[in-house]
Amino acid sequence: MKREEPLATGRRAPAPDPRNDRRRHTLRVLFVLTGCTTLLSSMLWFTAPADAVTTRHFTLDDAASLAAGELDGTMVLSSGQVTVGVAVRRIELEGAALAYSVARSGETLFVGTGDGGKVFRVSGDEVTLLAETGQLLVASLALAGDTLYAGTLPEGRVFAITVADGAIREVARLEGAEHVWDMVWDAERRRLFAATGPEGKVFSIDPQGRAEVYFDAEEAHVMSLALDASEGGGLYAGTSDEAIVYRLRAPGEAEVVYDFPGNEVTALDARDGAIAVVANDMPAPRPASKTKSGSRAPRAGKGRLYRVDPEGRTESLYQDDDLHFTSVRIAADGSMFVGTGKEGRVLRVSPDHTSATWADVDERQVLDLDPGDGTTRPVFVTGDGAALYRVSGATPDEAVWTSKVLDANFTARFGQLTWRGTGRMEFQTRSGNAEEPDGSWSDWSAAIRTPGPTRSPAARFVQVRAKLLQPDAVLRAVRVFYLPQNQRALVHHIATKNGSSPRSTYPLTWKVTNPDDDELRYRLRYRAEGQTRWRPMFREDHRLTKTAYSWDTSGLPDGYYEVAIDASDEPSNPRTSVLRGEATSEPILVDNHPPRIEGLAARGTTISGRAVDAMGPIAALEMSINGDDWQPIHPEDHLLDTANERFEITLTDLESGEHIVAIRAKDAAGNEASAETVLRVP
């Protein structure tokens, strides 16, 4: 029996825009919302040593850190360079919440959307509504001459649309299917193939709408299809909840091409014997909250791009643990275009493992794309705002790179802004104390074209913007120097280890909260409880940097003492900037002297006396007869709770003769004393 589990999908589960509540209720069927964290975790922050508040710097000098920001007419190469990118033109699809699938006939484009399941035709900049399916989402499109097929959800229907006039008819309602995830048209066999879930079937549909199960997978969903139209090519299917790619040889006949890591083959493409595979590792959906349903952000997926060459070798070309992928297409030159499920980007990856963050748009999801055929230019469509983007061959009007927000952790003064690169560029900065730039941030500073002082006010966060002013300009690295505001260290949890053995050396320990990781020096003082004058525990020339110290109390009278610990960050800061934090311990008992056994006497068969301690209480009383093991005894009131405890013990069953009786007393500090007397039994 097949598993019918909630689907965690990269390409096929667009996250609704939290800024537009109107869309949420209509996208109820897209129940798994996926996303990923930003690339900030891969940013390299090279700073001065962490144990000193001194001048530090943010250095962005590799592909991950440079690509972590925003790209507007720029691209980031895997070699760690920012260059002038491609020009894109945004075409809004009014009346749709998201654009999910795209097909093309030359320069005419067809876009499947949600919610409402509409199909748009885009010619140049002109957008017209071609047809309405009445379904929630058009998840897949396939063009067969003058007929456009649309696969929908949540009812697993396939529609045929006449391109000329938009006439629409239902071709098939696929048995057991709720989602038509992908479709391809096989012109040679004149068959439409549809990948579906949640029963993991591929259907073959003829032009009259007769549908047959062509392949029945063990997995719950067949997410993606690819048809290699070259000689000897094949039909391939990718699945979820196991990331397996099958080659479908004939009805009911399939072989496994590869079992990929992850849990979903979200997208496939095939060309000239090679297969491009997007295999994501998607987290399980969060349970719905009873109080804040839908308010939490989707969890990150991990994206992997693979290439299976014509000889069957499988290579991992690109991966991102913070970003999942939604779509893939192979271009005429063999490079692969990949859409991302967050940050709204298109990657271009070559078989030689080089790559570029090729396009970056405001929407968070690039859900489908078409790279063009050499005579036509690439296009892609987006979720989180329904739009079609056309990529032109022209140079963009502006080529701007903006860094990720850089966090100094504390208010900082910003120093020199430097960079490495070639060609004419200009740089600006802005700063603020909110994590996301908003109206409280400073304006962008005046532009500079040679390295110089950062012209933004002191703040916790800073951002850098670069404009590439000529087509061949290349930016390789950016560095911003800063000096964080010094932070006070806080001392807490001062303690000494208690033990049962007597000692005059008390091991002191404490904890410190050190916000800016300064190197610290500690000074310790003490005073007897009730006194006002503090005395240093050691000489000033003793430099203590550890959070532990052995305090020798052998010369002190017994009593309760307070210990004060001063933490100074003077090793890391100029004298005028030094800050100190101080804390005082709770009273610590210093007891270096043993108790006394007084008035020990034997009368008949009775032993009596008392144990006395200067500090108290008496913690234990014991007796030994003739050198036998020590045995506990009780004081007269049976309670060991004072510094003066009387005892009286009557001994029975002793043989006639002399017996040596020893009494031992211990105080709370572990100090002990003993005394003996002779007991004569007639």
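**Close-up views of the nonpolar cores and salt bridges**

**View 1. Largest nonpolar core.** Among the 28 residues of the largest nonpolar core, those touching the most other members are Phe-58, Trp-401, Leu-417, Trp-419, Phe-427, Leu-475 and Val-478. Two or more residues each come from strand 1 (56-60), helix 1 (63-67), strand 4 (81-84), strand 34 (406-422), strand 35 (425-432), strand 37 (459-468) and strand 38 (474-484). Strand 34 contributes the most, with 6 residues. The model shown here and in the other views is predicted.

**View 2. A separate core.** Apart from the largest core lies another nonpolar core, made up of 24 residues. Its members include Tyr-522, Tyr-549, Tyr-561 and Ile-565.

**View 3. Salt bridge between Arg-304 and Asp-321.** The salt bridges in the model number 39. In the one formed by Arg-304 and Asp-321, the closest N and O atoms are 2.6 Å apart. Arg-304 belongs to strand 24 (residues 303-308), while Asp-321 sits in the loop between strand 25 (314-320) and strand 26 (325-330). The pair thus links distant parts of the chain, 17 residues apart. Arg-304 has a relative accessibility of 16% and counts as buried, because buried means under 20%. Asp-321, at 39% relative accessibility, counts as partly exposed.

**View 4. Salt bridge between Asp-333 and Arg-348.** The closest N and O atoms of Asp-333 and Arg-348 lie 2.7 Å apart in this salt bridge. Asp-333 is in the loop between strand 26 and strand 27 (336-340), and Arg-348 is in strand 28 (residues 345-349), so the salt bridge ties together parts 15 residues apart in sequence. With a relative accessibility of 54%, Asp-333 counts as exposed. Arg-348 counts as partly exposed, at 26% relative accessibility.

**View 5. Salt bridge between Glu-658 and Arg-680.** The side chains of Glu-658 and Arg-680 form a salt bridge with an N to O distance of 3.1 Å. Glu-658 lies in strand 52 (residues 657-667) and Arg-680 in strand 53 (residues 672-681), so this pair ties together parts that are 22 residues apart in sequence. Both Glu-658 and Arg-680 are exposed.

**View 6. Salt-bridge network.** Arg-104, Glu-107, Asp-269, Arg-329, Asp-370 and Arg-390 are joined into one network by salt bridges that share partners.

Notes. Residues are numbered from 1 along each chain as its sequence is written. This is a predicted model: local features need pLDDT of at least 70, side-chain atom pairs count only at pLDDT 80 or more; totals for chains, interfaces and linings use all residues. Side-chain values use heavy atoms; hydrogens and water are left out. A nonpolar core is a set of buried Ala, Val, Leu, Ile, Met, Phe, Trp, Tyr and Cys residues joined through side-chain atoms within 4.5 Å. Buried means under 20% relative accessible area, exposed over 50%, partly exposed in between (1.4 Å probe, protein chains only). Helices (H or I, at least four residues) and strands (E, at least two) are DSSP runs, numbered from the N terminus. A salt bridge is a side-chain nitrogen of Lys or Arg within 4 Å of a carboxyl oxygen of Asp or Glu.
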